[in-house]
Amino acid sequence: MTRRPMIAGNWKMNKTPAETRAFIEALLPQVDAELACDLLVIPPYTSLDLAGRLLADTGVRLGAQDLHTSPSGAFTGAISAGMLDACGCAYVLVGHSERRHVFGDSDATVNAKLRAAIAGGLTPIFCVGERSEQRAAEQTTAVLAHQLTEGFAEVAATEASDVLIAYEPVWAIGTGETASPDQAQDAIRFIRNWVADQYTASLAEGMRILYGGSVKPNNAAELQRQPDIDGALVGGASLEPESFLQIVQAAGRGAS
Ligand code: PEP
C-alpha cells in the first residue's frame with residue numbers, strides 16, 4: 001500500500017498574525033500543485049482564523065497545536081475542537097511532548113483529547129516518544145507501548161483509522177540531535193506493529209506515521225527513505241518558508 005507522506009510544520013509559540021500572513025504569502029506561490037506529499041501548517045491559536053482564510057482552497061492544510069477535552073464551558077484559556085474546525089483546521093496535535101512534559105498532560109488527558117478531536121471531526125496527530133534516559137535504559141518500546149495503549153483506550157478501529165501518529169523522541173525535539181534513520185525506522189516499525197496487534201494489519205498498513213525531532217533540509221530525505229516513515233513533523237525548520245520547502249522537496253526525493 002502506498003501511503004502519501006505528510007510534512008507538517010509546528011510553529012509552537014511563534015509568529016504573530018502579520019508574520020503568519022507573510023509566511024503564507026511567501027509559501028503559496030512556491031507550492032507545486034503536483035506535490036507528492038501533503039503539506040500542513042500548525043500556527044498558534046491567534047493565527048488560525050487568518051491562516052484558515054489564507055489557505056482556503058489552496059491544498060495546504062491547517063492544524064492546531066492542542067485542544068481542550070470539552071466542546072464548550074467554563075475552561076478559561078482553553079480552545080475546543082469546534083472552535084478549531086470553525087477556523088478551518090482539519091488536524092490537531094495531541095500529546096506533543098511539550099504538552100506532556102512542560103504542561104503536564106497525563107496519559108488520561110491525552111486520551112481524552114484524542115477522543116475529543118475525533119468526536120469534533122478533526123484528524124488527530126497523536127505524538128509519542130521516549131526521553132533520553134528511557135532510551136539509555138532500553139525502555140523505548142515499553143514507553144511507546146504504554147503511551148499507545150493509554151492514548152488509544154476506548155478508540156474504536158473505525159476511529160483509529162483516521163489518526164496519524166508522530167514518533168518524536170523527546171531527546172531529539174529542538175536539540176539538533178536527530179534520531180538516526182535506523183532508530184526512527186525501528187521505533188516506527190514497532191508502532192506500526194502495535195497498531196496491527198491492537199486493531200488490524202490493514203489499518204496499520206494504511207496508517208501514516210511521521211518522524212519528528214530536529215528534521216532539517218539535510219536529513220529529511222534519508223529519514224523519508226525508510227520504509228515505515230511517512231513524512232515529518234517539523235518544529236524549528238518549519239518557521240521559514242525556504243527551509244520548510246527544502247524539507248518538502250527532500251522528502252519527495254526520499255519517497256519511494
Ligand atoms: C516538534 O516541535 O514537534 C519538533 C519536532 O521540533 P524540532 O523540529 O524543532 O525538533
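On a 1 Å grid over the protein atoms alone, a cavity is a set of points where a 1.4 Å probe fits but cannot get out, and its lining residues are those that have an atom within 4 Å of a point. Grid points are joined across faces, edges and corners, and a volume is the space filled by probe spheres set on the points.

What I am showing you is a predicted model, in which local features need pLDDT of at least 70 and side-chain atom pairs count only at pLDDT 80 or more, while totals for chains, interfaces and linings use all residues. Residues are numbered from 1 along each chain as its sequence is written, and side-chain values use heavy atoms, with hydrogens and water left out.

Let me start with the cavities, of which there are two of 30 Å³ or more by this rule. The largest has a volume of about 50 Å³, and its lining is made up of I7, Y211, V215, A220, L223, Q224, I229, G231, A232, I247 and A251. If we take helices (H or I, at least four residues) and strands (E, at least two) as DSSP runs numbered from the N terminus, then α11 (220-224), β8 (231-234) and α12 (241-254) each supply at least two of those lining residues, with α11 giving the largest share, three residues.

How does that lining divide by class into nonpolar, polar and charged residues? Counting Ala, Val, Leu, Ile, Met, Phe, Trp, Tyr, Cys and Pro as nonpolar, Asp, Glu, Lys and Arg as charged, and the others, Gly among them, as polar, we find nine nonpolar, two polar and no charged residues.

The second largest cavity, with a volume of about 40 Å³, is lined by G95, S97, R100, C127, V128, G129, Q147 and E168. Two or more of these residues come from each of α4 (97-101) and β5 (123-128), and the classes here are two nonpolar, four polar and two charged.

Turning to the packing, a nonpolar core is a set of buried Ala, Val, Leu, Ile, Met, Phe, Trp, Tyr and Cys residues joined through side-chain atoms within 4.5 Å, where buried means under 20% relative accessible area, as computed with a 1.4 Å probe on protein chains only. The largest such core has 65 residues, and those touching the most other members are I7, F126, F152, I165, I191, V195 and Y211. A second, separate core of 12 residues includes M6, A8, I125 and A166.

Finally, R192, which sits in helix α9 (residues 181-198), counts as buried because its relative accessibility is 2%.

Definitions and conventions:
Buried < 20%, exposed > 50% of the residue type's maximum accessible area, 1.4 Å probe, protein only. 1 Å grid on protein atoms, 1.4 Å probe; cavity = no way out; pocket = protein on both sides within 12 Å on 5 of 7 lines; lining within 4 Å.
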